[in-house]
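I opened this notebook to look up two topics, a sheet and a pocket. The entries follow the order of my queries.

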Amino acid sequence: MKPLLIVMSAPSGTGKTTLCDRLLQDYPEITYSVSCTTRGPRGDEEDGVDYFFVAPAEFERRRAARLFLEHATVHGNRYGTLRGPVEEAMAEGQSVLMDIDVAGAGQVRAFVETLPPDHAMRAGFVDIFIRPPSLAALQSRLQGRGEDADEAVALRLRNAAGEMARAHEFTHQIVNDHLETAYRELVEVIEAAGRAQPR
Ligand code: ADP
Ligand code: 5GP
């Protein structure tokens with residue numbers, strides 16, 4: 001498979017983590033891009049595995065030092081992707097999977113477009129938006145996950161509409177209604193992108 005820079009966005013609670021975890025299990029050549037965040041760990045999340053949990057001042061230091069490939073404030077917390085690990089993994093011929101919000105995805109898309117067409121990050125760029133079947137389904141998934149307080153669920157639902165309004169910016173859109181069907185569609189997108197020859 002040609003190295004891919006896979007960017008996946010979805011309203012929180014859609015099932016992006018579920019789909020990403022499965023993809024990472026099935027494709028050892030894909031590395032997960034661990035983001036930095038100023039939010040605290042949720043459930044059994046581990047520092048350095050799910051996120052790098054950093055204090056706001058440290059996040060700001062990294063941003064000012066231009067260490068982030070992209071960064072955004074989502075649901076009141078800051079999130080950012082470190083540039084170094086993404087570039088290193090791709091230089092080694094690995095694919096990278098980024099689970100980021102629509103604003104961050106827009107920054108990565110704009111950045112790769114400044115690169116020469118044969119640059120690995122541009123030639124391998126794949127952007128995918130995962131949709132929930134409905135806002136009602138999203139609400140029940142967020143509540144069912146049981147990791148967020150009621151206020152956090154309400155905030156995530158309010159933000160979902162704004163994120164869905166930017167879905168058209170993505171080349172690929174997948175509805176996560178039936179999990180197996182959504183995963184099969186995701187694999188098809190990845191396989192097709194991995195087979196495509198550089199332009
Ligand atoms: P995200 O990473 O998008 O915030 P998660 O992967 O944590 O979402 O999924 C949110 C909740 O929805 C989890 O409890 C997960 O098990 C469940 N879920 C994921 N996909 C589906 C699906 N297709 N149908 C029903 N529930 C799902
Ligand atoms: P959560 O707090 O539920 O893990 O993530 C909330 C939102 O932040 C999700 O939409 C997730 O994709 C996004 N996110 C996670 N890491 C990053 C990142 O590094 N950059 C950006 N822009 N968004 C991120």
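The entries below cover conventions, the sheet and the pocket.

Conventions. I worked on a predicted model, in which local features need pLDDT of at least 70 and side-chain atom pairs count only at pLDDT 80 or more, while totals for chains, interfaces and linings use all residues. Residues are numbered from 1 along each chain as its sequence is written, chains are lettered from A and ligands numbered from 1 in the order written, and side-chain values use heavy atoms, without hydrogens and water.

Sheet. I looked up the strand order and found an open sheet of 4 strands, E4-E3-E6-E5, with mixed pairing (strands are DSSP runs of E, at least two residues, and helices of H or I, at least four, numbered from the N terminus; pairing requires at least two DSSP bridges). Strands E4 (51-53) and E5 (68-74) are at the edges with a single partner strand each, so one side of each has no neighbour in the sheet. I then checked E5 against E6 (residues 77-82): they pair in the antiparallel sense over 6 bridges. Glutamate 70 stands opposite threonine 81 in E6.

Pocket. I noted about 840 Å³ of space in the largest pocket (an open set of points on a 1 Å grid over the protein atoms alone, where a 1.4 Å probe fits, with protein on both sides within 12 Å along at least five of seven lines; lining residues have an atom within 4 Å of a point; points are joined across faces, edges and corners, and the volume is that filled by probe spheres set on them). Of its 36 lining residues, Thr17, Arg42, Tyr51, Asp99 and Arg145 are the closest to the centre. H1 gives the largest share of the lining, 6 residues.
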